[in-house]
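Got the viewer open? Keep the selection tool handy, and we'll walk from the whole chain into the core and back out to the surface.

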Amino acid sequence: MDGIYYYLPGKAFSHGHANIYTAATAGSKSSAKGLIPVTVINSGAANFNLAALESTILGFGQQDDVWGQNFLSAIILQGTSIQDYSDSTVNVLNRTSTLTTVQSSTEIPQGPYFISATGDLYQPYRLYPDTEGAFTQPMGPFDATTSTFPALTATVPGIASPGVAVPSRLYYTKTASQPLAGVRTGIKDIFDIAGLRTSNGNRAFEDLYPPETQPLFQSNVLLMLAQFSSEK
């Protein structure tokens, strides 16, 4: 999209937003498979206005390399006591966006998403080309159902090595228990990570053994503190 490649996981992050897709389609720029890029913004303030909206979006561009102005096709404004802006349009950064308000106490992390015609929201990963083949295996976020970090094999056209897929920093909030949340982390490929093969720096060795089932304690702690790791 606009020269940037994204990876979408097969599992939607959130469901049940078909009304948002319907409201957004009129002025949106559709991409592959009918998906529409949208931006989610969370605000608990009843007096959240258009000036605050533009300030928030400007901050997104300064903080994040996954979100971009191409996600301004539609804006989902989410909160429990905000003014209803549904079915209206706004001009933000010289782009016309469809604005939809969702009164919700269960907040979807703010940031960039793709929404499908069935109302499923997907968190995109920006694919960076690994032109030198420096990383043995990019990885996805922790899968609680299998207690593993899945391998990501998406590629950028023209590059043989898997692309390094990174999520938006906007999804994560640092806490006392996860002080590295949102920090992109590299783990040297001599440490076991559940769900990934350990090659000890030898790609031929990697092909001989299955993915690890038990992580090394130190690497597991680091990944839990970071909440997400992008490559090994």
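First, a term for the strands: two of them pair if DSSP finds at least two bridges between them. Helices (H or I, at least four residues) and strands (E, at least two) are DSSP runs numbered from the N terminus. What you have loaded is a predicted model, where local features need pLDDT of at least 70, side-chain atom pairs count only at pLDDT 80 or more, and totals for chains, interfaces and linings use all residues. Residues are numbered from 1 along each chain as its sequence is written, and side-chain values use heavy atoms, with hydrogens and water left out.

**Whole chain.** Colour by secondary structure: there are four helices and nine strands, in the order β-α-β-α-β-β-β-β-β-β-β-α-α. Of the 232 residues, 46% are buried, meaning under 20% relative accessible area, with exposed over 50% and partly exposed in between (1.4 Å probe, protein chains only).

**Select 36-42.** This is strand E2, and seven of its seven residues are buried, so the rest of the structure largely encloses E2. Switch on side chains: Ile36, Val38, Val40 and Asn42 point one way, while Pro37, Thr39 and Ile41 point the other.

**Add 111-115 and 74-79.** Which way does E6 run against E2? Antiparallel, with five bridges joining E2 to E6 (residues 111-115). E3 (residues 74-79) also pairs with E2 over five bridges, but in the parallel sense.

**Zoom in on Thr39.** This residue of E2 stands opposite Pro112 in E6 and opposite Ile75 in E3. Is Thr39 buried or exposed? Its relative accessibility is 0%, so Thr39 counts as buried. Draw a distance from the Thr39 side chain to the backbone oxygen of Phe71 and you should get 2.8 Å. Now show the neighbours: leaving out residues up to four places away in sequence, Thr39 touches Phe60, Trp67, Phe71, Leu72, Ala74, Ile75, Ile76 and Gly111. Contact here means heavy atoms within 4.5 Å.

**Back out to the surface.** Select Phe205, Leu208 and Tyr209, which make a nonpolar surface patch of about 310 Å². Phe205 sits in helix H3 (residues 203-206) and is partly exposed, at a relative accessible area of 30%. With the full surface on, you are looking at about 11,400 Å², of which carbon and sulfur atoms supply 53%; areas come from the Shrake-Rupley method with a 1.4 Å probe, and for residues only the protein chains shown count as cover.

Conventions: Patches are made of residues with over 30% relative accessible area and no salt bridge: like charges are joined within 9 Å, nonpolar side chains (Val, Leu, Ile, Met, Phe, Trp, Tyr) within 5 Å. A salt bridge is a side-chain nitrogen of Lys or Arg within 4 Å of a carboxyl oxygen of Asp or Glu. A polar contact is a pair of N or O atoms within 3.5 Å; within protein, one must be able to donate a hydrogen and the other to accept it, and residues adjacent in sequence count only if both atoms are side-chain atoms.
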